[in-house]
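Let's take a walk through this structure, going from a few individual side chains out to the whole chain. Keep the 3D view open as you read.

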Amino acid sequence: MMKKWIKFIILLITTGIILFLCERVLLLKSEDGIEQIESFYLQKENTVDVIFMGNSHTYCNINTGVLWDEYGIAGFNLGGAEQPYWNTYYYMKEALKTQKPQLIMLEISAVGINPTDYQPDNWLICNTYGMKWNANKIAALKASVFEDYFERMVIPMNSIHSRYDELTREDFTDPNRSITNKGFDPREGVRAFDRPDVSGVTETTAISAKSEKYLLKIIELTKAEGIPLVIFTAPYVVKEDSQKVYNYVFEIAKASQIPVVDFNQQYDEIGLDFNVDMADDLHLNRAGNAKFSKYLGHYLTEQYGIPDRRGMEAYVSWDEDALNQRQDNAAYALRTTSDFGEYLKQLANEQYMSFVFTGYNMDDVAIDAQIVEMMQAAGIGASGIMNGQSILLGGKDIWDYTDLEEFEWAFEDQKSHLVCSREISEHKDRLLKVFVGDTRYDLKNEGISILVYDRQLDRVVDVVNVDTQNQYQMTRQ
């Protein structure tokens, strides 16, 4: 009988482990709330000085890398997609288990943009499924759904089992779940908008009873924990109807002696230009979030004395986050550059390993001379490249294969594994290949082909072909 019980217990444990692993793999790896709180759990205890909470206006607009580089602020964006106040409340309760921040900043625009008491499943999942299994997660789910829907949503496999045919390598490795992830997830692109003006809007529009209940619970929780709270709106293309809602929330905050900051009234101070700083009507782009983050960092330093943690051993993960953000910005600039001379200069990034190949039809002396001049102006040795191919690290030649019909070159360190090769096909074509991990990239033999790998980000950030016969026109694979 004892052996049967042991077998039964082993079976239960094994089944539980399998289900846990399946749930872990199938769970959506979303940077709209799930990755934020999962990475927050990995932060060293009592190292986060400022927690920014709310919807995507928080984690898309506040660049934690800029806050660190400019002011040494150890901040974290702990938000979720269109996050309602009840989910913010339970995220906050989870956060305060391990952190005693010097300040919490609550971005409130969810009630002005999408005022609903029940989110669709995709956003509900983003705002709850990343939490650890405990009383707060159960309470968050109960607050998020209709009563008869709770039993279905409380078992994640009911909602995520169908993802099996969408799985990628990232679902198994989950690179964004990391102590170096501080919750920032920027939006890209440039869209122009008319600059809004809500300075004359003084009326108020009430929020739902449910939202008001949890807003007050957030205020009560921070007071009970003795943590200063600031309520704010991040800058965007705000509408008058939404501003009336924010005015109502501001009144609630002021009645509880909670400071409020409406950054939609401070465009000039921030330096925002609605022609170039918006990714869409709701989110700043990379240029805009840099401006806003610098302004916000100054505000936090001046008004709340948030300390500079740079150089302190416990905060090295913020150094890594800041470097990641700088490299992300560099990758975006590289991908959006169409001038070949400017492109070459950007290859000097010390984190870049670039594979540069030239075709064998380049016998025009004038073209050769012009390319050599551009490469030399960019600080790149051109002789090896012009004869066939070179591999550059930070823009400097580290290897060239000018005389070999076929070759294989490999590079490996703790993070990167790359193989570059040229071989002759059965049709006598020269095949140029670069392997990054298990991913293969085939480069063209005509003109100039460049593949750029970022060692910090551990990914290919651009693959470009340059038509040397057509004013160095650049096309991307």
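R326 counts as partly exposed, with a relative accessibility of 40%. Keep in mind that we're looking at a predicted model. The side chain of R326 meets that of D69 in a salt bridge, at 2.9 Å from N to O. This pair links distant parts of the chain: D69 belongs to helix α4 (residues 64-71) and R326 to helix α16, with their positions 257 residues apart. Is D69 buried or exposed, or something in between? At 31% relative accessibility, D69 counts as partly exposed, because that value falls between the 20% limit for buried and the 50% limit for exposed.

Now step along to Q327, which is also found in helix α16, a helix covering residues 316-335. Here the picture changes: Q327 has a relative accessible area of 6%, so it sits under the 20% cut-off and counts as buried. And what does Q327 touch, once you leave aside its neighbours within four places in sequence? The contacts are N349, Q351, Y352, D454, Q456 and L457.

Stay with helix α16 a little longer and look for R335. R335 is partly exposed, at 28% relative accessible area. R335 forms a salt bridge with E188, and the closest N and O atoms are 3.1 Å apart. E188 lies in the loop between α11 and α12, while R335 is in helix α16, so the bridge ties together parts that are 147 residues apart in sequence.

E188 has another partner to show you. Its side chain also meets that of R286 in a salt bridge, at 2.8 Å from N to O. Again the pair links distant parts of the chain: R286 is in helix α15 (residues 286-304), and E188 is in the loop running between α11 (169-173) and α12 (209-225), 98 residues away. The two partners differ in how much surface they show. R286 is buried, with a relative accessible area of 11%, whereas E188 is partly exposed at 36%. With R335 brought back in, salt bridges that share partners join E188, R286 and R335 into one network. If you want to go hunting for others, the structure holds twelve salt bridges.

Let's leave the charged residues and move to strand β2 (residues 75-79), where you'll find L78. How much of L78 is accessible? The relative accessible area is 0%, so L78 counts as buried. Leaving out residues up to four places away in sequence, L78 touches Q36, I37, F40, I51, F52, M53, G54, Q83, Y91 and A95. Pick out G54 from that set: it is 24 residues from L78 in sequence, yet the two C-alpha atoms are 7.3 Å apart in space.

Finally, zoom out to the whole chain. The protein has 477 residues, and 53% of them count as buried; Q327, R286 and L78 are among the buried ones. The secondary structure comes to 19 helices and 15 strands. How much of the contact map is long-range? Of the contacts with a separation of 6 or more, 73% are between residues 24 or more positions apart. As for the outside, the protein exposes about 22000 Å², and carbon and sulfur atoms supply 51% of that area.

Conventions. Residues are numbered from 1 along each chain as its sequence is written. This is a predicted model: local features need pLDDT of at least 70, side-chain atom pairs count only at pLDDT 80 or more; totals for chains, interfaces and linings use all residues. Side-chain values use heavy atoms; hydrogens and water are left out. Helices (H or I, at least four residues) and strands (E, at least two) are DSSP runs, numbered from the N terminus. Buried means under 20% relative accessible area, exposed over 50%, partly exposed in between (1.4 Å probe, protein chains only). Contact means heavy atoms within 4.5 Å. Accessible areas come from the Shrake-Rupley method with a 1.4 Å probe; for residues, only the protein chains shown count as cover. A salt bridge is a side-chain nitrogen of Lys or Arg within 4 Å of a carboxyl oxygen of Asp or Glu.
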